[in-house]
Every structure is written in C-alpha cells, then in structure tokens.
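Work through the exercises below with the sequence and the coordinates at hand. Try each task before reading its solution.

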Amino acid sequence: MKSESQHRKDIVEVCRRIHGRGWISSTDGNVSVRLRDDRILITPTGIHKGFMSERDLIVADLSGKVIAGRAKPSTEIVLHATCYRQRPDVQAVVHAHPTMCVAFSLAGITLAKCLLPEVVFTLGSIPTADYAPPATEEVAESIRKYINEYDAIILERHGSLTVGPDVFAAYNTLERMEHVAEITYHARQLGAVTPLSPAQIERLRQVGDRQGWPRRKIAEEACNNCNACGKLEGCGAGSAAPMGGSAQGRSSAPSTGGSPAMDVAAVIAEEVAGALGRAKR
Ligand SMILES: [Zn+2]
C-alpha cells in the first residue's frame, strides 16, 4: 500500500502529464486519490496543474470538509465524491478537458459506438453525460447513471471523467479515450466510419473471456447519428450523418453504392452470412 507521500508524488506527476498533453489549460482539471474509505487527497482549486507541488494538495473528506491543506479543494470535489461513494473499487479520479473528446461532444457526436477492438476490451462504450454547469452538484448528478458501469465518461461541453484502481490507471484510461477520439476524428476526415458490428463485438468479448478480461459495458442505446436505424430525423445520407464526417468526406468514402445506412447493413449482412456459413460447417 502506498504512503500519502507517494500518492502526492503520483498526483503531481499525473497532473504534469495531463498538462503536457494539452488536455488541460491553466487551472483546469482536477485529480484525486482515495486515502481511505471517506478520505481523499485532491488538487486544490485555482492552481495551475502543470506547476503544482506536492505540498499544494488537500486532504478532505467526501463531504468536502478540509482535513489538511492551505487552500480550498477543487470545486469539482462533489463529482469526485460521487465516484468514490458509488464505486468502492475506485481509488482514483481524473477530470480533464481533453481536446478531441470535448470537440466531439460540442458537435453532438457520441463516441459510445464501438469502433476499435482495444476499446471493446478495455473500456466498452464511452458514454456522454448530459451537459451540466461545471462546479455544481448537477455535474455529479449527470454521471450518476453511468459511473457504476463505465470507467470513462465524456462530460458534454466540458471534459472527461476517468476512474481506476490507482491514479495512473485513471490517467491511462483518459489517454485511451482521447486517443480513440483522435483516431475517430481523423477517420471521419477520410470517409465513412463503420462501427464494429454486434457479431464482431461478441467475438471480441469471447476473446476477452479467454484472456480472463472482465466484460465491459456496451451501451445498447449507443448511437452515432449514422441513421443506420433509419429513425433519426434529419440524419439521413446527404444531411448530418456525422459518422461519415464532412459532406466531402462522405462523397470520397469507399462505398457499397448506397447511403451510410446501406454500408452498415451490408456489413451486418456479411457478418450474418459468415456466421451461418460457420454454423453449417
Ligand atoms: Zn472541468
């Protein structure tokens, strides 16, 4: 078990890495570690995380009461406390403002659909919590329905929330979610982006089972506004269809000769045909 002194060093290191990657600016973001059940070590409010020292950190309880430290704890301490209260397994919480994740939320495009195998293995879906004004109880409220099942959540128009068994694990999860957002962004510039099919996701989960990896939650309601379901108003081919990227991106995309909905349907049909073929053998 790490000492409080080591936890202080770890938080400072993680804050420097987050600032170094450009995922917070100035006094943005906050990081905490659970010292014991109801006591946490957390970054103070109004400090630049890239230049913070170990002595700047605050010890507080989950109600926000300061136990030790010379400043006020982060204004997002309620968000952190919600994670610790709802998830006894969580030992660290990282809140940042990663560029791509926030940009996707501003554009109204979810990252909840599964695109990359390693994300299915490690995170499952990445849900986006409804917008809430920063530094309010409403932010904590917005993540309540997700935090029990997800380690990585995008806060609409605001930032990211990642949790883990230690502060480096929570940082790694932030790095992974921003990376998938960046890959998705670039892919969308190149053309249509097709999510993994249900059959491909199930296959990945079977691979994970064999490795002994816990199954991560896949959002059933996940939607990338690709209109694959044909139910979204104003989201057909030639209109929004965000998974295809810009209009230019869509027109230059490899195509099965139809709309994005047709592309997805073709992939699903291919999967089903493949599964039936295997069943026959
Ligand atoms: Zn924030």
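The exercises that follow concern a predicted model and go from overall composition to the sheet, the helices and two loop residues.

**Exercise 1. Composition**

Task: State how many helices and strands the protein chain has, and what percentage of its residues count as buried.

Solution. The protein chain has nine helices and eight strands. It has 281 residues, of which 41% count as buried. Take next the contacts between residues at least 6 apart in sequence: 64% of these join residues at least 24 apart.

**Exercise 2. The sheet**

Task: Give the order of the strands in the sheet and identify the edge strands.

Solution. The eight strands form an open sheet with mixed pairing, in the order E4-E3-E2-E1-E5-E8-E7-E6. E4 and E6 each pair on one side only and are the edge strands. Inside this order, E1 (residues 30-36) and E5 (residues 92-96) run antiparallel and are joined by four bridges. Ser-32 stands opposite Val-93 in E5. Two helices can then be placed on the sheet. H2 (residues 77-86) packs on it and touches E1, E2, E3, E5 and E8, with a direction at about 135° to that of E2. H6 also packs on the sheet, touching E1, E5, E7 and E8, and its direction makes about 140° with that of E8.

**Exercise 3. Strand E3 and its partners**

Task: Describe the pairing of E3 with E2 and with E4, and assign the residues of E3 to a covered or an uncovered face.

Solution. Start with E2 (residues 39-42), which pairs with E3 in the antiparallel sense over four bridges. Here Ile-40 is opposite Ala-60 in E3. With E4 (residues 66-68), the pairing of E3 is antiparallel over two bridges, and Ala-60 stands opposite Val-66. E3 and E4 form a hairpin with four residues between them, and Gly-64 in the turn has a positive phi of about 100°. As for the faces of E3 (residues 58-61), Ile-58 and Ala-60 make up the covered one, Val-59 and Asp-61 the uncovered one.

**Exercise 4. Helix H6 and its neighbour H1**

Task: Check the length of H6 against its expected span, and find how its axis lies relative to that of H1.

Solution. H6 (residues 167-190) has 24 residues, so at 1.5 Å a residue it should span 34 Å. The end C-alpha atoms are 35 Å apart, in agreement with that value. Buried residues of H6 include Val-167, Tyr-171, Leu-174, Met-177, Glu-178 and Arg-188. The axes of H6 and H1 (residues 4-20) come within 10 Å and cross at roughly 15°. Angles under 35 degrees count as roughly parallel, so H1 and H6 are roughly parallel to each other. The crossing is right-handed. In the contact, Asp-10, Ile-11, Val-14 and Arg-17 of H1 meet Val-167, Phe-168 and Tyr-171 of H6.

**Exercise 5. Positive phi outside glycine**

Task: Locate Ala-135 and Arg-157, and decide whether each is buried, partly exposed or exposed.

Solution. Most residues other than glycine have a negative phi. Ala-135 has a positive phi near 65° and is in the loop between E6 (128-129) and H5 (137-147). Ala-135 has 15 C-beta neighbours inside 10 Å and therefore counts as partly exposed. Arg-157 has a positive phi near 60°; its place is in the loop between E7 (152-155) and E8 (159-164). With 14 other C-beta atoms within 10 Å, Arg-157 is partly exposed.

How values were computed:
Residues numbered from 1 in each chain as written. Predicted model: local features only at pLDDT ≥ 70, side-chain atom pairs only at ≥ 80, totals over all residues. Buried ≥ 20, exposed ≤ 12 C-beta atoms within 10 Å, placed from the backbone. Contact = placed C-beta atoms within 7 Å. Expected span 1.5 Å × (residues − 1). Pairing = 2+ DSSP bridges. Axes fitted to C-alpha atoms, helices over the stretch in contact; angles between N-to-C directions. Parallel < 35°, antiparallel > 145°, perpendicular 65-115°, else oblique. Left-handed = near helix turned anticlockwise from the far one by under 90°.
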